[in-house]
Each structure stands twice: as structure tokens, then as C-alpha cells.
Amino acid sequence: MMLKTGDQAPDFSLPDSDRNMVSLSNFRWRPVLLLFFPAAFTSVCTAELCSVRDELGRYEELGAQPLGISVDLPFTLNRYKQDERLNFPLLSDFNKEVSAAYNALYEEFILGLKGVSKRAAYLIDGDGTIRYAEVLENAGEQPDFTAIKAALAALGTPSS
């Protein structure tokens with residue numbers, strides 16, 4: 001079943017690049033931007049995640065916590081995060097369960113690789129409801145960050 005705006009987001013727990021477990025439910029009090037991406041160290045993924053890095057202040061102003069998710073190992077994500085100076089958590093979905101739950105998993109990717117995360121973006125509000133959903137079949141495209149920021153702004157600025 002395809003997840004869509006208005007659906008309850010499936011909860012999950014995944015290891016981050018520092019091997020700490022991170023759960024979606026840890027952020028129930030604030031919006032979360034889930035960014036599924038195919039692979040660390042690839043050009044489009046790097047451009048996408050570095051754009052979020054460079055605009056992290058804007059996401060924070062809007063109260064959102066970006067989380068990057070791929071099927072890469074935590075060790076790979078740790079090196080990638082360091083190399084690109086990424087300033088938000090990267091989570092390892094090595095077992096592919098979360099990517100599958102969010103309909104963001106290629107059955108077959110380039111070079112015959114199976115079980116790679118699709119490029120996808122989900123904005124989840126503080127109550128766990130999906131407020132924006134975009135799953136891209138073409139890994140060469142990036143999510144519509146203008147639409148994501150508009151959806152985030154529509155949630156309203158968090159109170160201090």
C-alpha cells in the first residue's frame with residue numbers, strides 16, 4: 001500500500017552513523033523530514049544532502065529535523081557524513097525494512113543491484129502524520145524542496 005499525505009507514518013528504529021539507535025517516535029514533538037537516498041558518495045545524493053546541509057538553519061527555523069536514510073552500512077554513512085560535513089543524522093536501513101515500509105525501495109537498481117533505497121521525501125508532523133510524500137522512480141531527480149518547505153511552513157512555526 002502506497003503511503004500518502006494524511007496517513008500515519010510507520011515508526012522505526014535504525015542505527016545512525018555513530019551506531020546509536022534513532023526512532024521516529026523520538027521526534028513526535030516536532031516535524032521530521034525523512035530523505036531516503038540510494039547511496040552515499042554518489043553525485044546526486046551528495047548534491048541533495050549538501051543542499052539540506054547548507055539550508056539546515058531554514059529547516060530548524062521551521063522546527064524540522066531532517067533525517068537521511070539509505071541502505072548503506074553505518075560505517076559508510078559515518079565516513080560520508082564526515083567527508084561532506086553533513087550536520088544532520090544519517091540512518092542505516094541495511095535490512096531494507098524501513099525503505100520497504102515507506103515504498104522507497106527499488107526491487108532492481110543499476111548494475112543489477114537489488115534492494116536499494118529510492119530517492120524519496122516524507123514530511124511528518126509532530127503527531128506522526130505524513131504531510132508531504134514524494135517517491136521518485138528516477139534516482140537522477142531530486143525531491144521538490146520548494147514544495148517541502150511550503151508544506152513545512154504550512155504546519156506553522158513551533159512555539160518556544
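Of the 23 residues that make up the largest nonpolar core, those touching the most other members are Leu35, Phe37, Leu49, Tyr59, Tyr80, Leu86 and Leu90. The model described here is a predicted one, and this briefing begins with its cores before turning to the sheet and two of the helices. Several elements share in building the largest core, since β3, α1, α3, β8 and α5 each supply at least two of its residues.

**Nonpolar cores**

- Tyr80, one of the residues with the most contacts to other core members, also touches a series of residues beyond its neighbours within four places in sequence, namely Phe37, Ala40, Phe41, Thr42, Cys45, Thr46, Leu49, Leu86 and Leu90.
- A second core, separate from the largest one, has 20 residues, among them Leu14, Val22, Phe27 and Ile124.

**The sheet**

- Strands of a sheet pair through backbone hydrogen bonds, and they may do so in a parallel or an antiparallel way.
- In this model five strands form an open sheet with mixed pairing, and their order across the sheet is β5-β4-β3-β8-β9.
- Strands β5 (90-92) and β9 (130-136) are the edges of the sheet, each of them pairing on one side only, and the twist from one strand to the next averages 15°.
- Strand β4, which covers residues 65-70, runs parallel to β5 and is joined to it by three bridges, and in this region Ser70 stands opposite Ser92 of β5.

**Helix α3**

- Helix α3 (residues 74-84) packs on the sheet, where it touches β4 and β5, and its direction makes an angle of about 165° with that of β5.
- Asn78 belongs to helix α3, and its side chain makes a polar contact of 3.1 Å with the side chain of Asp18.
- Apart from its neighbours within four places in sequence, Asn78 is in contact with Ser17 and Asp18.

**Helix α5**

- Helix α5 spans residues 145-154, and its buried residues are Phe145, Ile148, Lys149, Ala151 and Leu152.
- These buried residues lie on the same side of α5, because the arc they cover around the axis is only 160°.
- An α-helix has 3.6 residues a turn, so residues three or four places apart point the same way.
- Thr146 and Ala154, by contrast, are exposed on the other side of α5.
- The buried residues of α5 pack against β3 (32-36), α1 (43-54), α2 (56-61), β8 (119-124) and β9.
- At the N-terminal end, α5 is capped by Asp144, which has a side-chain oxygen 3.2 Å from the backbone nitrogen of Thr146, while Gly156, with a positive phi near 95°, follows the helix.

Key: Residues are numbered from 1 along each chain as its sequence is written. This is a predicted model: local features need pLDDT of at least 70, side-chain atom pairs count only at pLDDT 80 or more; totals for chains, interfaces and linings use all residues. Side-chain values use heavy atoms; hydrogens and water are left out. Two strands pair if DSSP finds at least two bridges between them. Helices (H or I, at least four residues) and strands (E, at least two) are DSSP runs, numbered from the N terminus. Axes are lines fitted to C-alpha atoms, for helices over the stretch in contact, and angles run from 0 to 180 degrees between N-to-C directions. Contact means heavy atoms within 4.5 Å. Buried means under 20% relative accessible area, exposed over 50%, partly exposed in between (1.4 Å probe, protein chains only). The arc is that of the directions from the helix axis to the C-beta atoms. A polar contact is a pair of N or O atoms within 3.5 Å; within protein, one must be able to donate a hydrogen and the other to accept it, and residues adjacent in sequence count only if both atoms are side-chain atoms. A nonpolar core is a set of buried Ala, Val, Leu, Ile, Met, Phe, Trp, Tyr and Cys residues joined through side-chain atoms within 4.5 Å.
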